[in-house]
Amino acid sequence: MSDPRPDKPVEPTDLDHTPPQEPDGPSTAATLVAEAFGTLLLVLGVISTALFAANFGTSDNGTSLGVGFVGVSLAVGITVIAGAYAFGPISGGHFNPAVTLGLAAAGRFPWKGVLPYIIAQIVGGLIATTLIVLIGLFGPDGWLGDAQDGGFASNGFGEASPGGFGLGAAIIVEVLFTALFVLVILGVTHATRGSNFAGLAIGLTLVLIHLAIIPIDNASVNPARSIATAVYGGGLALSQLWVFLVFPIVGGLIAGFSYRALFDGTAKKR
């Protein structure tokens, strides 16, 4: 039998202890596309600058028209800053397999997500250098062949090093500077101790790294970037690629495990 005088429905009231409703995050597809686009932007910016603008030549009065190492270093930092603010809110803005593995080692990223992120980063980097090749097809006669014969801005040591540095130097700088880079990322993106200017700090750190080590091995600290250029850089670039896959990853893992052990502890309350 129905109630002859039913109560009017009342909207529920949130209490102080009612857990907030977490908004749905971006889909897995969206995060992977963002990682691919961010890596594409990074590789397109730095490699385009290196190939098109770094050694552009001189004016009639002898003034250099190229941007040189400084211009390439700034291009890396600017693209990372732009990518961090454009795509970081979607995917976290890794754009680098060594960063993804370092974040996983530090407990900031799930290990199950590492492989899809790395694949997306590699795809984004390869699309970027493929676009540069397509541009080069419509360049001056011989430009593309010369760029590929010159290694296509690939990373290298020995005869492929801009300054003639050997294998040992390349190994040391890739481990050391990748580890420092990941440590900075972990610090400025910390949940409670991080900075609102994390993207800026990360980009400027990458500028500093490139200023320091471009003469040594063309500055990788990013396996996706190294793969993207080696594919078009010829046999020497491909034969040396393993260094720029293994040792940036070693540096990233060292940084991730070290940060977790050294800096993520909390003080015990007395």
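**View 1. One cavity sits inside this predicted model.** The structure holds one cavity of 30 Å³ or more, and the volume of this largest cavity is about 40 Å³. To find it, look for the residues that line it: Ser 154, Asn 155, Ser 226, Thr 229, Ala 230, Ala 237, Gln 240, Leu 241 and Phe 244. Which helices each supply at least two residues of this lining? They are helix H8 (223-233) and helix H9 (235-263). H9 gives the most, with four residues.

**View 2. The largest nonpolar core holds 50 residues.** If you would like a few side chains to start from, pick Ile 47, Leu 51, Phe 152, Phe 181, Leu 206, Ile 209 and Ile 213, which touch the most other members of this core. Helix H6 (residues 167-188) contributes the largest share of the core, eight residues.

**View 3. Here we zoom in on Ile 209 and its contacts, leaving out residues up to four places away in sequence.** Which residues does Ile 209 touch? Its partners are Phe 177, Phe 181 and Val 221. Phe 181 may look familiar from the previous view, where Phe 181 and Ile 209 are both among the core residues that touch the most other members.

**View 4. A second core is separate from the one around Ile 209.** This core has six residues, including Phe 157, Ala 170, Val 175 and Phe 247.

**View 5. Two spans that the UniProt record annotates as "transmembrane region" are shown here.** The annotation comes from an unreviewed entry and covers residues 29-53, 65-88, 94-111, 118-138, 165-185, 197-216 and 241-262. Take residues 29-53: this span is 100% helix and 0% strand, with its end C-alpha atoms 35 Å apart. Now turn to residues 197-216, where the chain is 95% helix and 0% strand. The end C-alpha atoms of residues 197-216 are 30 Å apart.

**View 6. Stepping back, the whole chain has nine helices and zero strands.** Following the sequence from one end to the other, you meet the pattern α-α-α-α-α-α-α-α-α. How much of the protein counts as buried? The figure is 44% of the 270 residues. Among contacts with a separation of 6 or more, 74% come from residues 24 or more positions apart. On the outside, the protein exposes about 14700 Å², and carbon and sulfur atoms supply 66% of that area.

How values were computed
Residues are numbered from 1 along each chain as its sequence is written. This is a predicted model: local features need pLDDT of at least 70, side-chain atom pairs count only at pLDDT 80 or more; totals for chains, interfaces and linings use all residues. Side-chain values use heavy atoms; hydrogens and water are left out. A nonpolar core is a set of buried Ala, Val, Leu, Ile, Met, Phe, Trp, Tyr and Cys residues joined through side-chain atoms within 4.5 Å. Buried means under 20% relative accessible area, exposed over 50%, partly exposed in between (1.4 Å probe, protein chains only). Contact means heavy atoms within 4.5 Å. Accessible areas come from the Shrake-Rupley method with a 1.4 Å probe; for residues, only the protein chains shown count as cover. UniProt positions are given in the numbering used here, feature names are shortened, and annotations may be inferred rather than shown by experiment. On a 1 Å grid over the protein atoms alone, a cavity is a set of points where a 1.4 Å probe fits but cannot get out, and a pocket is an open set with protein on both sides within 12 Å along at least five of seven lines; lining residues have an atom within 4 Å of a point. Grid points are joined across faces, edges and corners, and a volume is the space filled by probe spheres set on the points.
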